[in-house]
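User: I have a structure open and would like to learn how to read it. Please take me through it feature by feature.
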Amino acid sequence: MTMDVDFSTLATHGPDGARRLELALDGMTCAACIFEIESALKSIPDLTTARVNYGDRRLSLEWTAPTFDFSIVSERLRRMGYRARPFERESGERAERETSRRLLRCLAVAAFASVNVMMLSEAVWLGGDMDATTRDFFHGVSALIALPAAAFAGQPFFASAFAALRAHRLNIDVPISLGVLLSLAMSVYETLTHAPHAYFDSATMLLAFLLLARYLDCAMRRKTRAVAANLAALRAPAACRLGADGAQSYVPLAALAPGDHALVRPGERIPADGVVLSGDSSLDESLVTGETRRRSVGAGDTVYAGAMNFDGALTICVLAAAGGSLIDEIERLLDKATAARSRYRRLADRVARLYAPLVHLAALCTALAWLLAGASLHDALTTAIAVLIVTCPCALALAVPAVQVAASGALFRAGVLLNSADALERLAEIDTVVFDKTGTLTTPEPRVANAQEIEPELLMLAARLAHSSRHPLARAVAREYPRAAPLEGAREEQGAGVVAIVDGIEARLGDPCFCGVERDCAAAARDESSVIAFRHGERSAALVVRQTLRRGARDAIDALTRRGLRIIILSGDRTAPVEAAARALDVAEWRGAMKPADKVARLEALRAQERKVLMIGDGVNDAPALAAAHVSLSPIDAAQIAQAAADAVFLGEELAPIVTTVDAARRAHALMRQNLALSLLYNAVAAPLAMAGLLTPLIAALAMSSSSLIVTLNASRAGRVSAARELEGARARSPRTDGPNGSGRAGDESRDARRVEEEEGIAA
């Protein structure tokens, strides 16, 4: 699509009267391009906002003037060498996936060529008595490998450099391409003139190292793109709109308007925020609010888009349609926070704006100085090439990615998966940890908290009866014996419970009144718990159902506190269970009943206090806070949108991986700083030597490779990540349980093992 197209016709109108347009940009090579694009566009009159999101190559524009001339934006982007097109998430993901595959193919070719050319070069270096014919043969074979490999593997850099030069600008790919092409050309010349040295190895190694860094950057951006795709999955595909005469018609969500009536059947998602006009049902709003307990709704109750309807049909009056619902607010907060985080990431790339002109200037000045000093053109050009090669940013480019790769692999073995390329750097800077409660500090599924106090035979019978019900509380009871066989002849009475005949005696599970044990259940009930009753003849039990704290949660909180971190709990759950969890974990700062925007506001307040916050959450309602925090983690059983928004995901039910991640990040950050210092020291020493003519291109390539090797070896120390064994020792020494009120999951493993044996006998 050409730049002559007037994309302004695709702009949308905001509630404040502003017009907004999102474009995808082709031609961005590094985060330094963000500064160039935004600086050029912000000077355009009447354009109020020009923001580039490096994660998905998206340019967001905003203007209010009705006479705004969009052709000025088009012309300015064209002059800078960028091609704009309408932003579409699906096509952008396809393009990014193809780019990732292309970089991987180029990396494979460059790595193959580097290994083979280096083997041939070593034979020349070490073969002191090698005759000229054999040496020329080795150089010729190196040329046959390096030239086609560089032509293929260098395409990402050559194409970018050519586009930049055609637009009369410089980017980081220009000196890279120049160094590669000049070293190849000089190597071919040296081979044809039977010279003792050639530099094919330096060109292929340069390409291999830089392609590795670019591939890692591309992989990080693809993780960012997954956020929007997961959010879109929460929306209803269409809505059943009711006409004035009651006629039903399926329409796109964009066709819904405030005041419309919509029918939501069981098994469908609520299409828009609204109020129930008629019908009764129960909704799972965990994806929206974080509350796992189903909410019963009826006429007059407010419902939110994205909630799943279970029991009955509902007729709702739309209050906020597409663009104004709670799920849309979450998406806007997520986009805003993601864009802010990308601005943080580009701080590390700002030096790239100075790299290209400085390297060219240094090489040019070196060549001119040697020519003025009376050197030949060959010697001056050889010295300039040595400057270009020795100042190649391989060591600088590897200083951080090499540590990330080593630490990421070690964390993977420890049960932690990193989503973001710079997560380790930000994790090392944290001084505050903010936890969500539901599904994060607690187990994602409720359990019977007082299971140890109930006779095993009675609990097993209740679990078998519970397998015949779909009620959330019954499923919590069934979870105590997940492989137990359901009782034959069991029937469920809607809204009351389940009943069956066992050994000629009636067994009931459900509401206390239905079971006739109101007094026992009233004594067992707590504000933060739900109670389900069971009675079999004269025997009865009150089963207290609630989410229990994850195993080892208290030990993990204690370990984080010992590391000097401030602990806060922010939850969308009710105040009573949040307070109970905070009291059990000895956490002084906590708040409950918080909406997504409230969490983001609290994080922004902490940022204003210059606090570096690690946010840990698991629900869709946590996604904006996860993205807005300085860095974020999510458990593996979290909602997909939370996993995509988080910088890292940890496996298992325990919180010990969080402590391991913090320790690994601090170690990795120290190694990153050491690598940066080593690479800067290398450039400070090697560049002047090359400019003085004391380094040939071969020695320059060796020096560049040695600096990269030193950086890589130092980075490998990040791979020695040890698990938080102090937590294992703490659990072994202490019989303390982790339940919110002191009754927790101690002894679960041995009890569950016994249950497996019992269930096998029952199932048989």
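User: Among contacts in the protein between residues at least 6 apart in sequence, what percentage join residues at least 24 apart?

Analyst: First, the ground rules. This is a predicted model, where local features need pLDDT of at least 70, side-chain atom pairs count only at pLDDT 80 or more, and totals for chains, interfaces and linings use all residues. Residues are numbered from 1 along each chain as its sequence is written, and side-chain values use heavy atoms, with hydrogens and water left out. A contact means heavy atoms within 4.5 Å. Here 69% of the contacts between residues at least 6 apart join residues at least 24 apart.

User: How many helices and strands does the protein have?

Analyst: Both are DSSP runs, numbered from the N terminus: helices are H or I with at least four residues, strands are E with at least two. The protein has 28 helices and 27 strands.

User: How do I read a sheet, and which strands stand at the edges of the six-stranded one?

Analyst: Start with pairing: two strands pair if DSSP finds at least two bridges between them. The open sheet of six strands runs S17-S22-S21-S20-S19-S18, with antiparallel pairing. Strand S17 (447-448) and strand S18 (491-493) are at the edges; each has a single partner strand, so one side of each lacks a neighbour in the sheet. S17 pairs with strand S22 (residues 539-546) over two bridges, in the antiparallel sense. Arg447 has Arg546 in S22 as its bridge partner.

User: Which helix packs on that sheet?

Analyst: Helix H16 (residues 456-466) does. It touches strand S19 (497-502), strand S20 (505-510), strand S21 (530-536) and S22. For angles, axes are lines fitted to C-alpha atoms, for helices over the stretch in contact, and angles run from 0 to 180 degrees between N-to-C directions. The direction of H16 makes about 70° with that of S22.

User: How many residues of H16 are buried?

Analyst: Buried means under 20% relative accessible area, exposed over 50%, and partly exposed in between, with a 1.4 Å probe and protein chains only. Eight of the 11 residues of H16 are buried, so the helix is largely enclosed by the rest of the structure. Among them are Leu458, Leu459, Met460 and Leu461. Across the protein, buried residues make up 52% of the 764 residues.

User: What about a smaller topic, the hairpin: how many residues lie between S6 and S7?

Analyst: There are five residues between S6 and S7 in the hairpin. Gly246 in the turn has a positive phi of about 85°. Strand S6 (residues 239-242) and strand S7 (residues 248-251) pair over four bridges in the antiparallel sense. Leu242 has Gln248 in S7 as its bridge partner.

User: What is the strand order in the sheet of three strands?

Analyst: The order is S11-S10-S13, in an open sheet with antiparallel pairing. Strand S11 (295-297) and strand S13 (308-309) are the edge strands, each pairing on one side only. Strand S10 (residues 281-284) is joined to S13 by two bridges. Leu283 stands opposite Asn309 in S13.

User: How many disulfides does the structure hold?

Analyst: A disulfide is a pair of cysteine sulfur atoms within 2.5 Å. The structure holds zero. Cys106 is buried, at 1% relative accessibility. Cys317 is buried too, with a relative accessible area of 16%.

User: Is Asn675 buried or exposed?

Analyst: Asn675 is buried, at 0% relative accessibility. Asn675 is found in helix H25 (residues 656-691). Not counting residues up to four places away in sequence, Asn675 touches Ala399, Val403, Val711, Asn714 and Ala715. Ile710 is 35 residues from Asn675 along the chain, and their C-alpha atoms are separated by 8.5 Å.

User: Where is Met594?

Analyst: Met594 is in the loop between strand S24 (589-591) and helix H22 (596-608). Met594 counts as buried, at 4% relative accessibility. Leaving aside neighbours within four places in sequence, its contacts are Leu570, Ser571, Gly572, Lys599 and Arg602. Met594 and Thr575 are 19 residues apart in sequence and 9.4 Å apart in space, C-alpha to C-alpha.
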